[in-house]
Every structure is written in structure tokens, then in C-alpha cells.
Amino acid sequence: MNRRNLLKALVAGTLVTSLPGLSWSQTKPLPWRNWSGNQKCSPAVRAVPGSVAELQNLVRESTGTVRAVGAGHSFSALVPTNDTIVSTRRLAGLSSVDPAKKIATLGAGTLLSEVGPLLDAHRQALVNMPDIDQQTLAGAISTATHGTGRELRSLSGYVDGLELVAANGELLRCSPSENPDLFRAAQVGLGSLGIVTSITMKNRAAFRLKREADWMRFEEVIEQAHALSRSNQHFEFFYFPFTGMVLTDQLNETNEPVQRNEEIDGNSGVMDLKLARDTLSWSPQLRELIVGSYMKTIGKHSNVDHSYAIYANDRNVRFNEMEYHLPAETAMEALAEVRSVVEKNFSEVFFPFECRFIAAEEAWLSPFYQQDTVSIAVHRFFEEDFKPMFAAVEPVFRKYGGRPHWGKLNTLVASDFAQLYPRWQDFLAVRESLDPQGKFLNPYLKKAFGLPV
Ligand SMILES: Cc1cc2nc3c(=O)[nH]c(=O)nc-3n(C[C@H](O)[C@H](O)[C@H](O)COP(=O)(O)OP(=O)(O)OC[C@H]3O[C@@H](n4cnc5c(N)ncnc54)[C@H](O)[C@@H]3O)c2cc1C
């Protein structure tokens, strides 16, 4: 066994053999940070229970705040607490499959990258997926994580039922027919209702997708985006600031065999764009000319793969992100305005804006609640101060009626959410009835829910 494998084996051993009653816990505060590093805390306890019974025990006996964590890929302060952070990473895997109904039940801590192969073994697939697959299933549905597809909902929109451990330690089950109010709240629950242990997903038959990427001019895409979103199963595009150029991405079901070619996505080459920014920032015109001309020379390319293997890209350059979900009709106008704000005031920006299409759904706190949506996301390199640019574009998103992604940066407060979400008070009532003491609330959520911090 090589040294790295030895280390892995030793770590795995400690996960299943340490403290009685709680398979893993530490005695000194162990710092936690999220993927981009903009959220940090030092929880007194970090627990990774190995069974639902252990989790129930932990919830019953903990004092102070208990926050669930998935893979730590949210940019907003949903997770931080200095009391207890609990991961459901060990409650993972496939527990049941119904081939006739095309549903499957998975552990809350299953990574999206694990879900695809697990379902594929039973000839099922998630209906849609986001652009990375490193999140846990529970973490992803808790913030309405989405991919792109005008007719397709977020992951939360395909939840068919779930189980969670409530503040009193009780295991509750909900679905459209059992505890329906809890179900509509828990489909996008922000970890504020309890710790989710398992999730039943409504799936479809396994399928392959062909991905085709191409370049267009910004003005062309603004005109054609809605038509392209209608004529493709999944359509999204990336606008590269200061270039006038857009990379389009179109994914459609195919019977063609798997074929992997050189891949370009909205994040690849991002360090080349940084280099162009660093060396050509003295002349925005020259930067637009050089980078824009280079992009036009990159030809169309395509790949074919199993659906679960094709959605996700590597996001190996860290960033911070703001994403708003806007009513589809006005989103292109909003995008043009965001472009203008950024290009007039922030010549240092090099990360592309990402635009995606999502269908309306029914979860009470889904940003896609009863609204067909276009999402617009803006990014800043993780070492740079994101605040000035995000503060400049957020009023544009808000002017067009946008709802922020729950896992991404925004400055909204309770009164804003109450205006944006017709079922806001219903959600708060379900939460209050389950957890009147606010065991699952950290300062960020208390503020969001209009409670004293
Ligand atoms: C590089 C990158 C790419 C991304 N791409 C996309 C994308 O394509 N589309 C998109 O919509 N979003 C995207 N996101 C955002 C991301 O999908 C969400 O923030 C998601 O919630 C992160 O999941 P996680 O498992 O890391 O959960 P965390 O960020 O750890 O937690 C998110 C929320 O889930 C709750 N939670 C976690 N586990 C449980 C549980 N067992 N029970 C109850 N609550 C729980 C937490 O309390 C918290 O409120 C991206 C983020 C990054 C960093």
C-alpha cells in the first residue's frame, strides 16, 4: 500500500471506530471554511454521524445551534456556527429504486457525482444537473441548485419525498401526499427545518447527451437566446466581459455513441483571460480586439456522453459568485444592463457571466416558484474584493424582479424575501412549529427570517 492509500485507510478507520454514540467528533474547535474561503467558523463540535439513530441522538443532546453542512459549496453564510456543524456525508448511497415509477431514494450525503453512476446501474438518471457535481444531494436541494433547460426544473423540483430529523430528534417523513406543507417547505429548506437524512428523487430513463459549443456575438445571443432555449433541451451561455463574445452551450438527447473531444467551457481558459486582463488593462479596446478575435477563431466542437457525465465541468479556479433568478421575459434586458455596469466601472473583471434557463416549480422557497426564469451569475476571482462589483449589479437584478440563489451572495433581508416569495409566511410558520427554539438557526438565517440575532 502506498503512503497516500495508507493515510486514506487510517482516516477511514477512525471514521467508524471512534467515540461511542457518535462515530466522529472532535474535542477542540476545528476550523471550517467553504469552497471559496469567504465563509469561516470554528465550531466546538463537528460531527459525522454514521446512522440516523446517531444523528437523532446528536440533535436531541446538542445544546446551542446545530447547522447541517454538505460539501461547503455555498457562498452565502448558511452553514457557519461556532456550536455544532453536522455532516450527513456518511448517510450516503442508494437505498431503494422503483423501476416502474422511475423514482429512487438516496442518502442525504450522497455526492451528485455519485448519484449518476448509482442510478445508471438501474437505468435511471436525474432529469437535470448543475454545472459541477461535487455538492451533496441534500445540500443541493436545500438551496434549489439548478442546471439549465427551459422545460426543466431545479433539483428541488424533482424531489418526491424526504426524511428529516427534527429539533426534538424525531424522524419525520414528507411527500406531496404525506405532511404536504412540510414537503413544500423542505424541498428548499436551507437546513432550517431539520437535518435531512434521505431523499426520493423523481428520475427518468438513463440517456446520453450531445454537447455542442459555439461562439456568438453578444447582440446576436440577446436576440436569439429565447428561441435557442426553446429549440434545445438544455441551453446556456457565457458572456466574456470586454470581448463582446458569448460561448453558447447546447445539450440534446442523442443515440450517438460516447465521444469525448477537446472541451471548452465557460471556466476553462479563465486564467488566460486573467492574463489578458493583467497585460492589456491599459487599453480596453485592444483587450476586446485581441481576446474577441482569438475567440472567433475557436471552432464549434461537440461531445457525447452519459447525461450524468456531461453536465459537470471542473471549477478549478476559485471565485465568489452572485446569481439572481429573473422573470424570463425581462432577463435579456437585465443582462445588457449588467454588462454595461460592469464594463463601465470594473475593467479588472475577467470571469464570464453565466446565463441559464429554468422552468417554474412549486417549492415555497424555490427562486423558481411559479415563475419561468433566466438566471444570471457574475463572478469575481477569490483573491479579489467582490463587494464593489456585486453592490453595483445587485440593484439591476432587483429592479428586474430577481430572486437571489440561496447559496450565493446577496444582501437581502427578511422584508425583501417576504415580498419576493408568496408563501414566505407559510414557510416561517412550518419552521416555527418544528423548531420554536431555533436550534437550526445561525445568525444569517435569523436575519433572513426577521428574528432577533
Ligand atoms: C464551483 C461551484 C459551482 C456551482 N455550480 C452551481 C450550479 O451549477 N447551479 C446551482 O444552482 N448552484 C451551483 N453552485 C451552488 C451550490 O450548488 C449550492 O450552494 C449548494 O447548496 C451547495 O451544496 P453543498 O452540498 O456544498 O451544501 P452546503 O453549501 O454545505 O450547504 C448548503 C445548504 O444545505 C444545507 N444542508 C446540507 N446538508 C443538509 C442536510 N443533510 N439536511 C438539511 N440541510 C442540509 C446547509 O445547512 C445549507 O443551508 C455552485 C457552487 C460552487 C462553489
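Start by selecting strand 9 and strand 11 (residues 195-202): these two pair in the antiparallel sense, joined by 6 bridges. As you look around, keep in mind that this is a predicted model.

**First stop: strand 9 and its partners**

Pick out Val159 and look across to strand 11, where its bridge partner is Met201. Now add strand 10 (residues 171-174) to the selection; 4 bridges join it to strand 9, and the two run antiparallel. In strand 10, Arg173 is the residue that stands opposite Glu163. Follow the chain from strand 9 to strand 10 and you trace a hairpin with 5 residues between the strands. Pause at Gly169 in that turn, which has a positive phi of about 90°.

Is strand 9 largely enclosed or not? Show its surroundings: 6 of the 7 residues of strand 9 (residues 159-165) are buried, so the rest of the structure largely encloses this strand.

**Second stop: two loop residues with positive phi**

Go next to Ala144, in the loop between helix 4 (137-142) and strand 9. Ala144 is not a glycine, yet its phi is positive, at about 60°. This residue is buried, because 27 other C-beta atoms lie within 10 Å, and the cut-off for buried is 20 or more.

Then select Arg123, which sits in the loop between helix 3 (112-120) and strand 8 (124-125). Arg123 also has a positive phi of about 60° although it is not a glycine. Buried, exposed or in between: where does Arg123 fall? With 13 C-beta neighbours inside 10 Å, Arg123 counts as partly exposed.

**Third stop: the domains**

Zoom out and colour the protein chain by domain: domain 1 covers 3-87, domain 2 covers 94-205, and domain 3 is made of 208-306 + 314-404. Taken over C-alpha atoms, the centres of domain 2 and domain 3 are 27 Å apart. Where these two touch, domain 2 supplies 18 residues and domain 3 supplies 20 residues. On the domain 2 side of this contact you will find 5 nonpolar, 8 polar and 5 charged residues.

**Fourth stop: a sheet and a helix**

Select strand 13 (residues 208-217) and strand 16, which pair in the antiparallel sense over 6 bridges. Here Arg208 has His306 of strand 16 as its bridge partner. Widen the view to the open sheet of 8 strands, with antiparallel pairing and the order 16-13-15-14-18-19-17-20. Its edges are strand 16 (301-306) and strand 20 (403-404), each of which pairs on one side only.

Now turn to helix 7 (residues 270-280), whose buried residues are Val270, Leu273 and Ala276. Why do they lie on the same side of helix 7? They cover an arc of only 110° around the axis, which puts them on one side together. An α-helix has 3.6 residues a turn, so residues three or four places apart point the same way. Rotate to the face turned away from the buried side to find the exposed residues Asp272, Leu275, Asp278 and Thr279.

**Last stop: Val79**

Finish at Val79, in the loop between strand 4 (66-69) and strand 5 (84-87). Val79 counts as buried because it has 23 C-beta neighbours inside 10 Å. Leaving aside neighbours within four places in sequence, its contacts include Asn34, Gln39, Arg67 and Ile85. Add Cys41 too: the C-alpha atoms of Val79 and Cys41 are separated by 8.9 Å, though the two residues are 38 residues apart along the chain.

Methods: Residues are numbered from 1 along each chain as its sequence is written. This is a predicted model: local features need pLDDT of at least 70, side-chain atom pairs count only at pLDDT 80 or more; totals for chains, interfaces and linings use all residues. A residue is buried if 20 or more other C-beta atoms lie within 10 Å of its own, exposed if 12 or fewer, and partly exposed in between; C-beta atoms are placed from the backbone. Two strands pair if DSSP finds at least two bridges between them. Domain bounds come from an automatic or database domain assignment. Two residues are in contact if their C-beta atoms, placed from the backbone, lie within 7 Å. Ala, Val, Leu, Ile, Met, Phe, Trp, Tyr, Cys and Pro count as nonpolar, Asp, Glu, Lys and Arg as charged, and the others, Gly among them, as polar. The arc is that of the directions from the helix axis to the C-beta atoms.
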